[in-house]
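Let's take a walk through this structure together. Have the sequence and the 3D view open side by side, and follow along as the text moves from one part to the next.

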Amino acid sequence: MAKEIVSRSENYSQWYNDLVVKADLAENSAVRGCMVIKPYGYAIWEKIQAQLDKMFKDTGHVNAYFPLFIPKSFFSKEASHVEGFAKECAVVTHYRLKNSPDGKGVIVDETAKLEEELIVRPTSETIIWNTYKGWIQSYRDLPILINQWANVVRWEMRTRLFLRTAEFLWQEGHTAHATSEEAIEETKKMLDIYAEFAENYMGIPVLKGRKSPNERFAGAIDTYCIEALMQDGKALQAGTSHFLGQNFAKAFDVKFLNQEGKLDFVWATSWGVSTRLMGALIMAHSDDNGLVLPPKLAPIQVVIIPIYKGKEQLGDVAVKAEEIKKELLKRGISVKYDDRDTHKPGFKFAEYELKGVPVRLALGQRDIENNTIEVARRDTLEKVTVPINDVVNYIATLLDEIQENIYKKAFDFRQKNTIEVNTWDQFLEAIEKGGFIAAHWDGTTETEEKIKELTKATIRCIPLDSGFEKGNCVYSGKSSDQRVIFARAY
RNA sequence: CGGGGUGUAGCGUAGUCCGGUCAGCGCGCCUGGUUUGGGACCAGGAGGUCGCAAGUUCGAAUCUUGCCACCCCGACCA
């Protein structure tokens, strides 16, 4: 199975597609816009889930599960929310099939029409706030800090594996608070968790910021996000955290008695990351040889490949390999010993490179004699031979080093591709090159939309950590107090 | 949803204009043997309602119509 992928320079999006399919992460399914996540891809997602889940729980959140279906009437209760999602909702109208009169298959039974149509959730705010109404009477019932791991459906026109699919997996946190301050604090706390996860586990540097009103979540007062830069210079929104104010509490009439005995509406947040993170992971680090996975999320961290001539040599090598495997496992490092005799070593080397396994060990007769082993790292493709007795320690350190190196590489790339511009001409030039553009913006939706129309660039975020700076809008010339980040985005 | 393109074995493709010895090739797959420090080699073998459905015709991968899927570009979006 000679699996070739097209190079990034030749065709970036083809490279991405090739990679997803050939590294066995996912494939298109029989259902338009929906993907099958294959075991290797799902294993990465499970690692993402496990870590995030731990971080959520460490900050006081608990998991629960709400229904896939949402009564249509719930949707119309929050005006901007409906408006935002109406165009991409799948709707269930019937609950029964019957045999077709012509004998060819089954048809919808028209007599089984639902009294009220059900929406397949594109997000769960409405069903959750309808539920919270029954749970909250007093400030003593607050806060509610719930997360759910679920699938959602958004009927997208154009889909791409992981980046945009009609059905996707995600987590959505939905919290309820007694005060605005507390809810805002929660919104920012979760944004910080996302950023920490992206940087420390995925190895992807992210910009934390706030969305412009135009890019805000439907129904939110404020949307915060983390934005990552991909190797082709396009931005990718990797996570969002919303301060919902009292919008949903008002829409679903969720009130509580505060300590002064006065009725008030509850304050809300919601926050989520999805399988889109897989797309970010792939595009941030991988190269023309295939995936490059950060050790902390790699399903297999180390692969051992035996090199041998004849069965008796394999025996010697196998003993040593199993020994090393056991030692690595003891250290909590995941290992695969690949002794398939149906493929040659060179084939396996290429295969594990394609799959992004961070460290590869090659062990042969020559090594047994010299008490050495060959260690190859995926991120730099460097190979070294180390004494076999040191290999476990060596690998433990190396995995950390790879994790760091991957992040550093991505960080340097972002630095190199983030540019401050002050004139419209500079802006036009910069946007063609790709990357993040820090420019002044007059704060109006009209300007934002005009820029989008002219350049396809959108405001990715208004960075949280960049300070006040007097300047003039790059497009309109009107005065501005802060630079914002523009980019073309996924 | 609009514009463009593609659909032939698991994958990549030739053939389609000009209907009839056109169902071929490469990779992969299976069996046996030799191999094994960067994608092995030899020999033999299996596998296809030519995307689906109607139609034209003595005859359709090839012509007509409709549908479906995928890719690229736009509008939408995590």
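Start with helix α12, which spans residues 391–416 and lies across four strands: β11 (207–210), β12 (222–229), β22 and β23 (436–440). If you look along β22, you will find α12 running at about 25 degrees to that strand. Keep in mind as you turn the view that this is a predicted model. Next, find helix α13, made of residues 424–433, which lies across β22, β23 and β27 (483–487). Against β23, the helix α13 runs at about 160 degrees.

The strands under these helices belong to a broader arrangement. Which order do the strands of the open sheet follow? The 11 strands run β3-β9-β10-β16-β13-β12-β11-β24-β27-β23-β22, and their pairing is mixed. At the edges sit β3 (62–63) and β22 (418–420), each of which pairs on one side only. Within the sheet, pause at β10 (residues 167–177) and β16 (residues 267–274), two antiparallel strands joined by eight bridges. One pair to pick out is Gln171 with Val273, its bridge partner in β16.

It helps to set these elements against the domain layout. Chain A is divided into domain 1 (12–93 + 122–285), domain 2 (300–401) and domain 3 (418–487). Domain 1 is written as two segments of the chain. Between domain 1 and domain 2, the C-alpha centres are 40 Å apart.

Now bring RNA strand B into view. There are 41 residues around this strand, and those that come nearest are Met157, Arg164, Gln237, Arg276 and Asp367. Two of these residues reach the RNA through polar side-chain atoms: an N or O atom in the side chain of Gln237 is 2.2 Å from a sugar or linking oxygen of strand B, and for the side chain of Arg276 the corresponding distance is 2.3 Å. Lys452 meets the phosphate instead, with a polar side-chain atom 3.4 Å from a phosphate oxygen of RNA strand B.

Which elements give two or more residues to the surface near the RNA? They are α1 (12–22), α10 (345–354), β19 (359–363) and α11 (365–370). The largest share, seven residues, comes from α10. By residue type, the surface near RNA strand B divides into 11 nonpolar, 10 polar and 20 charged residues. On the RNA side, 41% of the strand B atoms within 4 Å of the protein belong to sugar or phosphate, and the rest belong to bases.

Key
Residues numbered from 1 in each chain as written. Chains lettered and ligands numbered in written order. Predicted model: local features only at pLDDT ≥ 70, side-chain atom pairs only at ≥ 80, totals over all residues. Heavy atoms only, no water. Near = heavy atom within 4 Å. Polar contact = N/O pair within 3.5 Å; in protein donor to acceptor, adjacent residues only side chain to side chain. Nonpolar A, V, L, I, M, F, W, Y, C, P; charged D, E, K, R; others polar. Domains from an automatic or database assignment. Pairing = 2+ DSSP bridges. Contact = heavy atoms within 4.5 Å. Axes fitted to C-alpha atoms, helices over the stretch in contact; angles between N-to-C directions.
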